Structures are given as structure tokens and as C-alpha cells.
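Subject: Structure for you to look at

Dear colleague,

Please find the structure below, and have it open beside this message while you read what I found in it.

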Amino acid sequence: MTVRLGDVAPDFTAETTDGTLTFHDWLGDSWGILFSHPKDFTPVCTTELGAFAARKGDFDKRNTKIIGLSVDSLDSHAGWTGDILETQGTALNFPLIADENRTIANLYDMIHPNANDTLTVRSVFIIAPDKKVKLTLTYPASTGRNIDEVVRVLDSLQLTADYSVATPVNWVDGNDVIVVPGLSDDEATAKFPKGFKKLKPYLRITPQPNK
Ligand code: BEZ
């Protein structure tokens with residue numbers, strides 16, 4: 001099944017390193033990030049899990065729960081988490097789904113057979129509190145993800161949700177943002193007390209509203 005932006009994230013019940021959970025209930029009113037790892041005991045995945053664990057505080061601050069998935073068993077995950085602690089210096093502090101029969105990987109189209117017919121690609125799904133998918137990323141097994149980029153896009157999505165703004169190229173937290181085209185100038189004046197610069201009728205820049 002293809003999961004597209006705006007779709008309700010498919011719900012599922014899964015065995016994880018933190019016990020059995022049902023995804024939507026577990027998310028509650030939080031934002032969520034679901035990301036897949038091709039396989040346990042592989043080098044790139046080991047570095048990624050350590051890095052996600054080290055940055056968990058950044059996700060907590062953003063009211064965002066993170067959850068990983070790998071198509072191996074809970075026993076395998078238990079052995080691997082020891083290696084993650086030993087080599088990356090961070091203990092796993094979020095659930096890792098044991099998707100041995102690939103049910104969830106198939107539900108989220110995380111296996112791309114022309115890349116590899118058994119392992120997942122590196123998928124990232126960011127899900128809003130209404131359970132709708134707001135962002136998808138897909139990396140090949142050989143490229144580790146960039147946690148700064150995951151946090152950056154989460155900040156952008158949360159700003160859009162809260163303030164009717166979009167974020168320009170290479171935007172990072174604290175930079176000016178763009179007034180969405182759907183707002184009239186009068187509405188923008190009322191909404192953005194710091195004002196906005198009108199470079200073109202369709203290109204209006206305002207300081208980041210929550211700074
Ligand atoms: C890795 O995590 O290092 C990896 C996994 C599958 C294929 C290639 C690399």
C-alpha cells in the first residue's frame with residue numbers, strides 16, 4: 001500500500017522493544033515519527049539508532065514520539081540494542097518494532113523490491129496529531145539519515161500547522177518564513193504583528209512568529 005501525504009497513517013498493533021502497542025493509541029495527541037531500518041546488526045542502522053536515541057530530548061520538546069521498525073525478531077533487537085549502547089554510547093530509549101513477517105513494512109510500502117525484495121528502505125513518516133501523514137522521506141539502505149534534517153522538517157511542519165506560514169529553501173529554526181499565499185495582505189497584517197515584507201504579491205516574508 002502506498003502511503004501519501006494527507007492520508008491517515010495506517011494503524012497497526014505491533015510487538016516492540018517496549019511491549020505490544022497499537023500505533024494510534026500510542027501516538028495519542030502527539031506528533032509521531034515512524035522510521036524503518038533495513039536489518040538488525042547492520043552498520044548504518046546501528047549509527048542511526050544511536051543518533052535518534054541521543055536526540056530524543058529534541059523530539060520530546062516538540063511533543064513528538066519516535067518509533068523505529070526493523071524486520072527482525074524481538075530477540076534479535078535485544079541483542080542489537082546491546083551493540084548500539086556499546087558502539088554509539090546511547091541506550092535505545094524509544095520503541096523498536098519487531099516486524100518479522102513484514103506486515104507493517106508492507107502496510108507502509110517500506111519494501112521496494114527493485115532495490116531489495118526483503119529488506120526495507122530507510123523510510124521516514126511524520127504524522128500529525130490528527131494522524132495524517134505530513135511528510136515522507138525515502139533513503140536507500142546505504143545512506144544514513146540526517147537527524148538535523150528530520151528535526152528541521154518537523155519544525156517547519158509544526159510552524160505551518162500553528163501559524164499559516166511556509167518555510168523557504170534551506171530554512172532553519174529562527175530564520176524568516178513565508179506568508180502562505182492563501183492569506184490576503186489584510187489577513188497577514190492582522191496575523192503577523194511584526195509585519196511582512198512584500199517582495200512580490202506572491203512572495204511575502206515575515207519573521208518567524210514564535211521567536
Ligand atoms: C546498514 O545499515 O549498514 C545497511 C543495511 C542494509 C544494506 C546496506 C547497509
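Two strands are said to pair if DSSP finds at least two bridges between them. Please keep in mind that this is a predicted model.

With that in hand, we can begin with strand S6 (residues 122-127), which is joined to strand S7 (residues 133-139) by 6 bridges, the two running antiparallel; within this pairing, Arg122 of S6 stands opposite Tyr139 in S7. S6 and S7 form a hairpin with 5 residues between them, and Lys131, which lies in the turn, has a positive phi of about 75°. Strand S3 (residues 31-37) is also antiparallel to S6 and is joined to S6 by 4 bridges, with Ile33 standing opposite Ile126.

Are the residues of S6 buried or exposed? The strand is mostly covered, since 6 of its 6 residues are buried. In a regular strand the side chains alternate between the two faces of the sheet. In S6 both faces are covered, with Arg122, Val124 and Ile126 buried on one side and Ser123, Phe125 and Ile127 buried on the other.

Further along the chain there is an open sheet of 4 strands, in the order S8-S9-S11-S10, with antiparallel pairing. Strand S8 (165-166) and strand S10 (197-200) stand at its edges and each have a single partner strand, so one side of each is left without a neighbour in the sheet. Strand S9 (residues 177-179) and strand S11 (residues 203-206) pair over 2 bridges in the antiparallel sense, and Ile178 has Ile205 in S11 as its bridge partner.

With best wishes

Definitions and conventions: Residues are numbered from 1 along each chain as its sequence is written. This is a predicted model: local features need pLDDT of at least 70, side-chain atom pairs count only at pLDDT 80 or more; totals for chains, interfaces and linings use all residues. Side-chain values use heavy atoms; hydrogens and water are left out. Buried means under 20% relative accessible area, exposed over 50%, partly exposed in between (1.4 Å probe, protein chains only).
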